[in-house]
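Thanks for coming. I will take a few minutes to walk through one structure, part by part. Please have a look at it first.

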Amino acid sequence: MTEAGGVPLYVPTDVVEQVLAWPEMVERLRAAYAADVSDAANPPRVVARGDKTWFRALASAPATSRYMGAKVFGMSRERAVSYVVALMDQQEGGFAGFVDAYRVTACRTGATSAVAVDKLATPGPKSLAVLGSGTEATSHALAFAAVRPLTGITVFSPTPANREALAARLSRELGVPARAASSPEEAVAGADIVAACARAKGEVPILHGDWLRPGTVVVSIGSTLPEQREIDVSVVEACDLIVCDMVEEVVEETGDMIAAAVAGLDFHGKLGTLNDLVRGRLDERVAKARLPMFKSVGSAIQDIVIAELAFEKAVEQGLALPFPAPIHVKRPKPPAKP
């Protein structure tokens, strides 16, 4: 899907937002995780750190996708963050396109969590508590509505205006009663699904285990680096099944799990992979789980699958833009004639 002469196409963030829909994103990711997700095709992320800066690269060659690629993103000294996904044709080679990944990141995180919740939660309508009021909190509520009927939503954010605004938006867009809570404990009380989508100021955990009742499904996506905290050690202790998108990165590179290990918790026997969850290999454990959790750091397979979907739809609708110039493709020499 390149322009004549090998010029790639570019999909800006407003087009990404325009062409993506939650049910389709969830289905694409479900299909990706229903296939083999090998370590070789989905290597660990790389994080470069500078003077008050960081830069990450995540690469994947999904078995179910036409494209392989990488998401690269970073934060400057002025705390500006930018994201892009580069897509390369797995069969023919060459860069097919570049997708602004700001919206891709939020969408793939929410849709991936919805894939997990669809397997972890019992059937039927559910109440939802959302901790956070930003892009990730919003995307999770919208994504969960694609896999379960929501009976009500409670939102907590430290800023009253923000939690009121998100509650109003979700009520308006989903047609579901939604209200703001004055504390995270109040928000969580009685919820069937709890989505922790924001780290508190000072990296103090915002969710505690004694707030959770049996049968609740917990989702935690806010701690992705060693210095970041979102859930208390007591949550790790209380949950008896912890499904991860990238097990080693969740265990070794998130502040939440590092803190749990330092506290002496042996949680390794609780761990499972999202790949195994979707493929049905954890069904018996899910059925017995009293308090399951999906713990996510994000993975390149999620970025590539959703960027590919956005790219395909943008091209089909004539919304992709030509990249400024072709990118050279080195191809093998044809075999010599006998």
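I will begin with a pair of residues: Val46 stands opposite Ala57 in strand S3. Before going further, note that this is a predicted model.

Val46 brings us to strand S2, residues 46-49, and its partner S3, residues 54-60. S2 and S3 run antiparallel, and 4 bridges join them. The hairpin they form has 4 residues between the strands. One residue in that loop is Lys52. Its phi is positive, near 65°, and Lys52 is not a glycine. Is Lys52 buried or exposed? Lys52 is exposed, at a relative accessible area of 66%.

A second residue of this kind is Arg79. Arg79 is not a glycine, yet its phi is positive, about 65°. Look for Arg79 in the loop between strand S4, residues 67-75, and strand S5, residues 81-89. Arg79 counts as exposed, because its relative accessibility is 63% and the cut-off for exposed is over 50%.

Now to a loop residue with the opposite label. Thr224 sits in the loop between S11 and H7. Here the relative accessible area is 11%, so Thr224 is buried, the cut-off being under 20%. What does Thr224 touch, leaving aside its neighbours within four places in sequence? The contacts of Thr224 are Arg45, Arg56, Glu253, Thr254, Ser296 and Val297.

Next, helix H9, which covers residues 255-262. Which of its residues are buried? They are Gly255, Asp256, Met257, Ala259 and Ala260. These buried residues pack against three strands and two helices by name: strand S11 at 217-220, strand S12 at 241-244, strand S14 at 292-295, helix H7 at 233-238 and helix H8 at 247-253. After H9 comes Gly264, with a positive phi near 90°.

Let me stay with one residue of H9, Ala259. Ala259 counts as buried because its relative accessibility is 18%, and the cut-off is under 20%. Not counting residues up to four places away in sequence, Ala259 touches Arg229 and Val233. For a sense of distance, take Ala259 and His140: 119 residues separate them in sequence, and their C-alpha atoms are 25 Å apart in space.

The last topic is empty space inside the model. Rolling a probe the size of a water molecule over the atoms shows where empty space is left. How many cavities of 30 Å³ or more does a search of the whole structure find? The search finds 1. The largest cavity holds about 60 Å³ of space.

Its lining is made up of 13 residues, and those nearest the centre of the cavity are Pro43, Leu58, Met246, Ser299 and Ala300. By type, the lining residues are 7 nonpolar, 4 polar and 2 charged. Which elements supply at least two residues each to this lining? They are S3 and helix H12, residues 300-316. S3 gives the most, with 3 residues.

That returns us to the strand we began with. S3 holds Ala57, opposite Val46, and S3 also contributes to the lining of the largest cavity. I will stop there.

Terms used. Residues numbered from 1 in each chain as written. Predicted model: local features only at pLDDT ≥ 70, side-chain atom pairs only at ≥ 80, totals over all residues. Heavy atoms only, no water. Buried < 20%, exposed > 50% of the residue type's maximum accessible area, 1.4 Å probe, protein only. Contact = heavy atoms within 4.5 Å. 1 Å grid on protein atoms, 1.4 Å probe; cavity = no way out; pocket = protein on both sides within 12 Å on 5 of 7 lines; lining within 4 Å. Points joined across faces, edges and corners; volume = space filled by probe spheres on them. Nonpolar A, V, L, I, M, F, W, Y, C, P; charged D, E, K, R; others polar. Pairing = 2+ DSSP bridges.
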